[in-house]
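Me: Could you take a close look at one helix for me, and then set it in the wider context of the chain? I would enjoy a connected walk through it.

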Amino acid sequence: MVMSTRWFMICIKRYFSVSIILIICFTSALSIILYKWAEMDTKPDCLKQNMESVTTTHGNVALSKTLDIKMQLYTDRGILSQKSANKSELRLKWLHQKVEKISQKVRRSQTVKQIEQEEVSTTHPNYNVHIFYYAWYGNVAVDGHWRHWNHKYLPNWKKEDKIYPTGTHEPPGDVSSNFYPMLGCYSSKDPVVIDTHMKQLSDAKVGVVVVSWYPPGTSDPQGDSPDLILPLLLDSAQRHDIRVALHIEPYRDRNPINLSQYIRYIIGHYGGHPAFYRMQRRGRSLPVFYVYDSYLTPAGAWKELLSAKGNLSVRGTQLDGIFLGLLVDMQHRYDIKKSHFDGFYTYFATNGFTYGSSWKNWRSLSKFARQNYLLFVPSVGPGYIDTQIRPWNMVNTRHRRHGKYYEVGWRSALSAQAKLISITSFNEWHEGTQIEPAVQKATASFTYFDYEPEGPNFYLNLTKWWVKEFSKKQEGE
């Protein structure tokens with residue numbers, strides 16, 4: 001009897017505990033289900049209110065559709081269903097923040113569009129913003145043959161077994177770029193094209209075009225002598241209140257001795273033109289020269305030309321100028337200082353490709369420049385892709401992400417307190433760094449990238465926006 005009673009009590013305690021646990025679980029589950037239904041009823045109203053607010057303010061149909069889709073997804077998935085009211089409130093707050101971010105993107109997009117629709121401003125371009133410009137394109141109609149649009153595929157400098165395309169491109173349908181220009185396969189000698197380019201840059205408030213330069217009678221392997229184009233370019237630039245500087249390319253046997261002779265030639269032929277760019281430095285108005293791949297010449301040799309005590313010194317003479325060397329590696333900082341360059345630029349639009357082109361290093365480079373009385377000119381770019389001439393170089397592709405990549409570069413340059421900013425590039429189509437308008441195009445074998453849905457002029461407008469931000473920052477300093 002005692003055993004039976006004891007057994008009975010044990011069973012009651014055991015099953016009573018289980019029953020209590022089951023009742024608690026059932027009640028909790030029922031509460032969650034009911035709360036979920038309540039949230040599903042209130043959630044569409046919340047989303048609709050935000051959606052109506054955004055579309056009423058900005059009139060953006062695309063955003064409205066996007067929010068409709070997202071609202072349905074959130075409703076279907078029950079994302080806002082939580083086990084407690086606190087978590088649900090946090091999720092609702094998070095959703096409000098997401099809607100606000102979308103709203104901000106729309107406002108930003110419309111700001112860029114409004115810039116495009118603005119009347120021509122009477123303000124001058126910002127001469128502290130420089131852009132690399134390539135005048136090496138040719139077509140059959142103007143030049144009698146193709147130049148650069150038919151660029152060949154370059155051999156792989158990496159040791160790989162994979163087979164890549166070879167040969168040359170066949171314009172106008174097949175061009176050596178991942179994008180297709182709105183002006184088509186133009187000639188850089190065409191006065192109408194040049195004038196269009198200068199107007200586009202002037203409207204974007206870019207003050208200086210930096211043109212690739214080779215000595216008289218020479219050029220890059222596929223281009224023409226710059227002397228054939230520079231007079232046209234200078235005249236057009238003057239009409240649009242733009243200035244022209246030269247980008248000294250690594251021509252054959254380049255050295256300080258023959259460069260000093262060519263500087264004399266440049267000053268003699270173009271130095272008196274009103275559009276020939278000059279900057280105030282050392283109490284004088286001096287021309288600016290970008291020297292590409294300057295590290296190929298030893299610092300000691302450059303010192304002979306750029307030091308006041310050098311045997312070939314141009315300092316204090318009519319050949320004096322502001323010479324900017326290319327900084328690629330970290331140690332180039334000291335080479336540039338030892339060479340007596342006036343400053344340095346980074347050129348490459350591929351973040352992380354070199355020490356100089358890495359955004360994270362710009363603050364320290366700017367600090368080094370200030371400490372050594374040098375000019376620091378970071379180069380920002382909208383992206384990078386060159387697989388139509390280097391199909392094996394996909395590792396260095398930097399996708400544009402609808403302008404986000406470009407904007408991070410600009411923010412990094414402004415954060416580094418740069419006094420001059422260069423843009424790579426206006427029209428280096430081979431490497432996909434251009435801000436020149438591009439359009440949609442496809443052939444049977446290839447589909448070109450474009451700037452959609454923002455439109456062909458998106459990067460010109462975005463450039464104008466950031467130049468204005470840069471100008472505001474300069475005015476406030």
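Reply: Happily; here is a look at helix H9, followed by the chain around it and its enclosed and open spaces. Please keep in mind that this is a predicted model.

Helix H9 covers residues 332–339, and four of its residues are buried: His332, Arg333, Ile336 and Ser339. Viewed down the axis of H9, these buried residues fall within an arc of 135°, so they line one face of the helix. What does that buried set pack against? The partners of the buried residues of H9 are two helices, H8 (299–306) and H10 (362–371), together with two strands, E7 (322–326) and E8 (343–345). Just after H9 comes histidine 340, and its phi is positive, near 70°.

Now let us step back to the whole chain. H9 belongs to a chain with 12 helices and 12 strands. Of the 477 residues in this chain, 51% are buried, and His332, Arg333, Ile336 and Ser339 of H9 are among the buried ones. Contacts that reach far along the sequence are well represented: taking those between residues at least 6 apart, 72% join residues at least 24 apart. On the outside, the chain has an accessible surface of about 24100 Å², and carbon and sulfur atoms account for 56% of that area.

The interior has some empty space too. There are 3 cavities of 30 Å³ or more in the structure, and the largest cavity holds about 120 Å³. Its lining is made up of 13 residues, with Ala135, Trp136, Ser212, Asp224 and Pro226 closest to the centre. Strand E3 (206–213) and helix H6 (230–239) are the elements that each contribute two or more residues to this lining. Sorted by class, the lining of the largest cavity counts 9 nonpolar, 2 polar and 2 charged residues.

Finally, there is an open space to visit. The second largest pocket has a volume of about 760 Å³, and 31 residues line it. Those nearest the centre of this pocket are Trp136, Tyr292, Arg390, Glu428 and Glu431. Trp136 deserves a second glance, since it is listed among the residues closest to the centre of the largest cavity and also among those nearest the centre of the second largest pocket. By class, the pocket lining comprises 15 nonpolar, 8 polar and 8 charged residues.

Note on methods. Residues numbered from 1 in each chain as written. Predicted model: local features only at pLDDT ≥ 70, side-chain atom pairs only at ≥ 80, totals over all residues. Heavy atoms only, no water. 1 Å grid on protein atoms, 1.4 Å probe; cavity = no way out; pocket = protein on both sides within 12 Å on 5 of 7 lines; lining within 4 Å. Points joined across faces, edges and corners; volume = space filled by probe spheres on them. Nonpolar A, V, L, I, M, F, W, Y, C, P; charged D, E, K, R; others polar. Buried < 20%, exposed > 50% of the residue type's maximum accessible area, 1.4 Å probe, protein only. Arc of directions from axis to C-beta. Contact = heavy atoms within 4.5 Å. Areas by Shrake-Rupley, 256 points an atom, 1.4 Å probe, with all protein chains shown as cover.
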